[in-house]
Structure formats: C-alpha cells, structure tokens
Amino acid sequence: MRLGFAPGFAPGFAPAQGALEAGHRFATARRGGPEQGSHMVYTADDAELDSPPEIRLSKWRLAGFRALIILAFALLTAQLWRLQVVQGESYRQQADYNRLRVVSVPASRGIIYDRQRTLLARNIPSFTISIVPADLPSSRVGSTASPTGTILPTDDEVYGRLASLLQMEKGQIKSLVDSSRGAPFQPVVIRGNVERDTAFIVEEEQPSLPGVLVQTEAVRQYLEGPLLAHILGYVNRISAEEYAAQPDRYGLNDNVGKTGVELTYEEELRGTRGKKQIEVDAAGREVRVLPGAIISPTAGHNLILSLDLGLQRKA
C-alpha cells in the first residue's frame, strides 16, 4: 500500500482547516476564480475601517492636540515678533526712562572770611533723608514685588517705618511727598542734618524702604555763632515762591541766602550746579554713574569782608 502526501507538507503533518481554506482562496484568485482577472488588494482605509472605534477616536484626539501645539507656537512667535520688532524701540525707551536718570549735583557754597582771613562761615557734610515719589511702591497691599520676588511694603508702610526712625508724624511725611507729586523723580527732603547713627539705620533698612534715599549734602556752619548772626545772616531751604521766581537757576531742594551777607552776595556765593546721568536699580538707588554724561559743578566764590573779628569780639 502506497501513501501519498500533499505537496509542501511534511509526512505526519495534517494541515489545519483554516490553512487549507486560505490556500484555496488564493488559488482561486490566481486562476481567475469567481471574479475573472480580479486581484485582492488590502489598503490602509480598510485597516482603519477594521480598527475598533476607540482607536479611531484616539487618532483624532492626537491630531487635534498636534494642531493646538502648532497654533500655540505660531501665536507665541507672532507675539515675540510684535514685542521685539514692532514695539521694541518703544519698550527700550521706556526701560531707559526707568533705568537712567539725570540728577543735579549741588555746587559748594563760597566760604566767608574776615579782613584777617579768619574763617567765619564754612560748609560741613551732613546727612539728609529724602524720598523719590516715583520709586515708592503701590498703595495696594501685596501688589508690588521686587525683581527677586520679594513682596514690597506699601507706601503707607514706608511712611510709618520712616516716621518711627526719624521720630516724625506719618501724616507729615505723606504731606511732604504729596506736595511734590508734580516732579516724581525729584527727591523730596524729609529731614536734613540727620544724626549719623540714624542715617546708618535707615541705610541698613533700604531693602524694606523703597524710594527712601540717604544723601550727604553741605550745610552752613557759622563758627562765631550768634556773635555775627546779624551781619552774616543765614541760609535755608528755598521757598516755593523763590523757586517759582527762578526755576532755571535753583532746584527744589537748594539752600539760599535769607538775610545778611548770605542774601546780599547770594549770586557770588551760590556757584553753579552740575549734572550727571546715573543708572538706578528697581528701588531707585544709584548703581553707577555713566561716563561721558557728567557736567561738573562750579563752586561759589569765597568772600573776604572788611569786618575785623577781633574788634567785633571786643565790641
């Protein structure tokens, strides 16, 4: 008895029913089968239609997510182009306006001597506490933050803390600042001739006192005290009326002669103020002086009187 085997199958191996049916369909297609000359083509659309609904839905979600990312990057690119190209010059000017300032440099007042060249009036350094209104934080609680992320105090809290350090009324400080709102970058003198220890304490608390400046300025010292007061007179802060009469010659915080020789020879003694351009930080404190943008002040003339101090002491 002879045993025969189907081509392509090893002895002892019986092909599965599904394999036989698949081979039959393939052979039929090759011969022309029921549809003469047709070929079976399996496309991607057929695969998508055969996919479960959950897979098709996830593909649509992925495509939508990609479109949103592309749109977001397109909007971001357009915004960067607008800020840096279209409005770049405007923002640069605003940044320079906040960062760079031109401040006046006071001139040294002339010294007064008697006929024997004995010193009668001179200048000595003194500490002054001032506030720049433009550098004060907002009055809304917690609304202003420093570049480091620290929440700055409100202007009312700055007034309160400074009042306690200078032993003044908070309302008095606020009134002085409000009266100078027309010149927001001009320092408003809160108190002059401050003691050194007090000035050092205010300087140490600068991070919590934005807008507050500790400055040094020259004050007049009369060596003979009241002996020559009726002759030499005195200097004091310029009044609103005096400043309004000569705004081009004086600053809001200048000292001017009020009586006596100080008033009579004011033009000769006062000198000419200078200017400098400085860079400031977020709190309004001076960081550096820009080179090439300095106009040096001119000191006032010294004055020699015909008065004899020795005779005045004997009189």
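In this predicted model, Gln167 is placed in the loop between helix 5 and helix 6 (170-178). The backbone of Gln167 has a positive phi of about 55°, although the residue is not a glycine. Most residues other than glycine have a negative phi. Gln167 counts as exposed, because its relative accessibility of 72% is over 50%.

Asn193 offers a second case of this kind, with a positive phi of about 55° in a residue that is not a glycine. Asn193, however, belongs to strand 4 (residues 188-194). With a relative accessible area of 59%, Asn193 is exposed.

These two positions belong to a protein chain that has twelve helices and ten strands. Of its 315 residues, 26% count as buried. Among the contacts in the protein chain with a separation of 6 or more, 65% are accounted for by residues 24 or more positions apart.

The loop that holds Gln167 leads from helix 5 to helix 6, and the packing of these helices may be considered next. Two packed helices are described by the angle between their axes and the distance between the axes. For helix 5 and helix 6, the angle is about 120° and the axes are 8 Å apart. The two helices are therefore oblique to each other, and their crossing is right-handed. On the side of helix 5, the contact is made by Asp156, Tyr159, Gly160, Leu162 and Ala163. Helix 6 contributes Lys170, Ile173, Lys174 and Val177. By type, the residues of this contact divide into five nonpolar, one polar and three charged.

Helix 5 (residues 155-166) also meets helix 7 (residues 196-204), where the axes come within 10 Å and cross at roughly 160°. Because this angle is over 145°, helix 5 and helix 7 count as roughly antiparallel to each other. The crossing of helix 5 and helix 7 is right-handed. Leu162, Leu165 and Leu166 of helix 5 form the contact with Thr198, Ile201 and Val202 of helix 7. The residues of this contact comprise five nonpolar, one polar and no charged. Leu162 is thus named in the contact of helix 5 with helix 6 and in the contact of helix 5 with helix 7.

Attention now turns to the strands. Arg101 is found in strand 1 (residues 100-105). Although Arg101 counts as a charged residue, it is buried, with a relative accessible area of 11%. Which side chain makes a polar contact with the side chain of Arg101? The partner is Asp135, at 2.5 Å. Leaving aside neighbours within four places in sequence, Arg101 is in contact with Val132, Asp135, Phe185, Lys276, Gln277, Ile278, Val280 and Gly284.

Two of the residues in contact with Arg101, Val280 and Gly284, can be followed further. Val280 is found in strand 8 and is buried, with a relative accessible area of 7%. The C-alpha atoms of Val280 and Leu100 are 6.4 Å apart in space, while the two residues are 180 residues apart in sequence. Gly284 is located in the loop between strand 8 (274-280) and strand 9 (286-295). Despite its place in a loop, Gly284 is buried, with a relative accessible area of 7%. Not counting residues up to four places away in sequence, Gly284 touches Arg101, Asp135 and Leu213. Asp135 is therefore a contact of Gly284 and also the polar partner of Arg101, contact here meaning heavy atoms within 4.5 Å. The C-alpha atom of Gly284 is separated by 8.3 Å from that of Val212, 72 residues apart along the chain.

Val212 and Leu213 also appear among the contacts of Ser130. Ser130 lies in strand 3 (residues 119-131). Is Ser130 buried or exposed? At 0% relative accessibility, Ser130 counts as buried, because the limit for this class is under 20%. A polar contact of 3.1 Å joins the side chain of Ser130 to that of Gln215. Apart from residues up to four places away in sequence, Ser130 touches Pro187, Val188, Val189, Ile190, Gly211, Val212, Leu213 and Gln215. Of these, Val188, Val189 and Ile190 fall within strand 4, the strand in which Asn193 lies. Leu213, in turn, is touched by Gly284 and by Ser130.

Note on methods
Residues numbered from 1 in each chain as written. Predicted model: local features only at pLDDT ≥ 70, side-chain atom pairs only at ≥ 80, totals over all residues. Heavy atoms only, no water. Axes fitted to C-alpha atoms, helices over the stretch in contact; angles between N-to-C directions. Helix = DSSP H or I, 4+ residues; strand = E, 2+ residues; numbered from the N terminus. Parallel < 35°, antiparallel > 145°, perpendicular 65-115°, else oblique. Left-handed = near helix turned anticlockwise from the far one by under 90°. Buried < 20%, exposed > 50% of the residue type's maximum accessible area, 1.4 Å probe, protein only. Polar contact = N/O pair within 3.5 Å; in protein donor to acceptor, adjacent residues only side chain to side chain.
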